[in-house]
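Grab a pencil and work through these exercises with the structure open beside you. Try each task before you read its solution.

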Amino acid sequence: MLSPSQTWLSFILTFSSVEVGSTGKLNVLFIISDDLRPALGCYDDPVVKSPNIDQLASQSKVFLNAYAQQAVCGPSRTSFLTSRRPDTTRLYDFNSYWRVHAGNYTTLPQHFKSQGYTTMSVGKVFHPGIASNHSDDYPYSWSVPPYHPPSFAYEKRKVCKGDDGKLHVNLLCPVNVTEMPLKTLPDMENTAEAVRLLRSVKDTGSPFFLAVGYYKPHIPFRIPQEFLKLYPLESLSLAPDPDVPRGLPPVAYNPWTDIRKREDVESLNISFPYGPIPKDFQLRIRQHYFASVSYVDNQIGKLLSALDDLGLAKNTIVVFTSDHGWSLGEHGEWAKYSNFDVATRVPLSVYVPGLTSASEKAGKKIFPYIDVFQDSHQRFSEGRQVNAMVELVDLFPTLSELAGLKAPPPCPRSSFRVQLCTEGSSLAQSFRGPKHRDNSEAIAYSQYPRPSDTPQEDSDLPLLADIRVMGYSIRSCDYRYTLWVSFDPVSFQANLSDIHGGELYLLQEDPGQDNNVYNSTEYSGVLCKLNTHLHWTATLKQHLLYFYSGSKAKGMF
């Protein structure tokens, strides 16, 4: 009798034109961008030029409402690569390794490696340093040592030419690549290495799992200067909601400390914690962020074109996503470090050859490279879109099933001693054609730690020992609801009865999440009942689901 995963692979092979070659397995190309919100043409962004990612999306299943579990690099990456939430990885900063600090959890690439795949890592996949044991989790997760581009060593050095003609450590850092140390940039090196690896495994007879982590649009915006030409300042506008939301509890605000530490921002002498940044500089930040996205799109286009040229696009699943979003002045905030949609929502598309795309014509490329400077206005079909809320922890079981591997089982309530399980849900069933119905009741969970009730210098990224409050947040199609509660960093326990603040945004009338009605008398009855009649020994998920079902029953949403 076939397992569910084997049945799924049989379905793909039966109802698609996919060719799996001699291995009988689909390859995986897993592309991760850093700090990328869904500022892309395929997500209806009217400004950003991203033709290569849009082309990929047109051949993919596109998840319009995908969310990270914590809006900061290390915790998010560890979370989706293990399919465990931050409370299970116990990583909220960058300073612990889950295998030692929490449990010896199997990772997504490790699972593929155990099934005979050659697993390879290029660029930023795991967060570097302590969070991945200073090895990117090699050799557990990877068949060969991970690749890091040599030019990344200059990322935080004085290489940004300022208005004074001197070199600085700036936020805004458009460069002449020929003047850079090594005359290249990290993401250019990432693309070259990824293409080299694809060539090396093409005829080995072994299926591969290649993860490529691009560094941009993460700050500093050290990018080729020509990409700024795509976004003239006079054509750009500020965030539509630049003010701190009405009723926002101070604990929820992130003071964008990493931005302030850059020399060009530091020279502006901006007030702490709320600023604001001068409007002309806000426009320049937005310009550089959008230009960084187009630069990454350019690199992804070259990578996908090479995949196509090597004949691998016909038997390789391609995933594209990000570790979290990035605020661009919405709510008076910048960077990540919050529970708002702009910080937690990510792009997510999955291409399955012959299943998500139309049958390929002989001799016609699936992913021809598109020069953003020549064809930036090219438009593509929308692909197959999913509106339901999904989470990055869903990727592990989903990719396992799509590749025909046995998906990890659901985790028990306490899973610290369980090596292989998932706290997400497989999305594979959503690939069974256009008749699949979205789950309108689905919920995405995120969280963020704080050291105190008011913004501090370390509010954006507190050390574990300094965490005193945890903001647990749920996102449905109707609302975003967040509770900020006491948290003990020694026992890793949240006290759900000690509420430091709350947020409730009704999305039908407030899609930008600008008016917090948590303390509104109109909803006080439901919230009072929520806070006083619940058994606080229940898990947070039960607590929030109680709110969701109760408020639905009362017609709030």
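**Exercise 1. A residue just after a helix**

Task: Find out which loop holds Ser 83, and what is unusual about its phi.

Solution. Start with the location: Ser 83 sits in the loop between α3 and α4. Keep in mind that you're looking at a predicted model. Next, check the backbone: Ser 83 has a positive phi, near 60°, although the residue isn't a glycine. Why does that stand out? Most residues other than glycine have a negative phi. Last, look at the surroundings: Ser 83 has a relative accessible area of 0%, so the residue counts as buried.

**Exercise 2. The helix before it**

Task: Work out how many of the residues of α3 are buried, and what covers them.

Solution. First, count: 10 of the 10 residues in α3 are buried, so this helix is mostly covered. Among them are Cys 73, Pro 75, Arg 77 and Phe 80. Then look for the cover: it includes strand β1 and the helices α4 (86-89), α5 (98-101), α6 (108-114) and α12 (395-402). Finally, step off the end of α3 and you're back at Ser 83.

**Exercise 3. A salt bridge with a partner in α3**

Task: Identify the partner of Asp 34 in a salt bridge, then decide whether the two residues are buried or exposed.

Solution. Start with the general idea: side chains of opposite charge can pair when their charged atoms come close. Now the pair itself: Asp 34 bridges to Arg 77, with 3.5 Å between the closest N and O atoms. Asp 34 is in the loop between β1 (27-33) and α2 (51-58), while Arg 77 belongs to helix α3 (residues 73-82), and the two are 43 residues apart. For burial, the cut-off is under 20% relative accessible area. Asp 34 has 1%, so Asp 34 is buried. Arg 77 has 0%, so Arg 77 is buried too.

**Exercise 4. Two more bridges to compare**

Task: Say where the partners lie in the bridge between Glu 179 and Lys 161 and in the one between Arg 475 and Asp 341.

Solution. Take Glu 179 and Lys 161 to begin with: their side chains form a salt bridge at 3.8 Å, N to O. Glu 179 is in the loop between β6 (172-175) and α7 (186-201), and Lys 161 is in strand β4 (residues 160-161), 18 residues away. Both Glu 179 and Lys 161 are exposed.

Now the other pair: the closest N and O atoms of Arg 475 and Asp 341 are 2.9 Å apart. Arg 475 is part of strand β16 (residues 469-475) and Asp 341 part of helix α11 (residues 341-344), so this bridge ties together parts 134 residues apart in sequence. Arg 475 and Asp 341 are both buried.

Then zoom out: shared partners join Asp 34, Arg 77, Lys 124 and Asp 323 into one network of salt bridges. The whole structure has 15 salt bridges.

**Exercise 5. Odd spots in the backbone**

Task: Which peptide bonds before Pro 217 and Pro 220 are cis or trans, and where is Phe 492?

Solution. Check the bond from Lys 216 to Pro 217: it's cis, with omega near 15°. Then try Ile 219 to Pro 220, which is cis as well, with omega about 0°. Pro 217 lies in the loop between β7 (208-213) and β8 (221-224), and Pro 220 is found in the loop between β7 and β8.

Now move to Phe 492, in the loop between β17 (479-488) and β18 (493-506). Its phi is positive, near 60°. Phe 492 has a relative accessible area of 15%, so it counts as buried.

Note on methods: Residues are numbered from 1 along each chain as its sequence is written. This is a predicted model: local features need pLDDT of at least 70, side-chain atom pairs count only at pLDDT 80 or more; totals for chains, interfaces and linings use all residues. Side-chain values use heavy atoms; hydrogens and water are left out. A salt bridge is a side-chain nitrogen of Lys or Arg within 4 Å of a carboxyl oxygen of Asp or Glu. Helices (H or I, at least four residues) and strands (E, at least two) are DSSP runs, numbered from the N terminus. Buried means under 20% relative accessible area, exposed over 50%, partly exposed in between (1.4 Å probe, protein chains only). Contact means heavy atoms within 4.5 Å.
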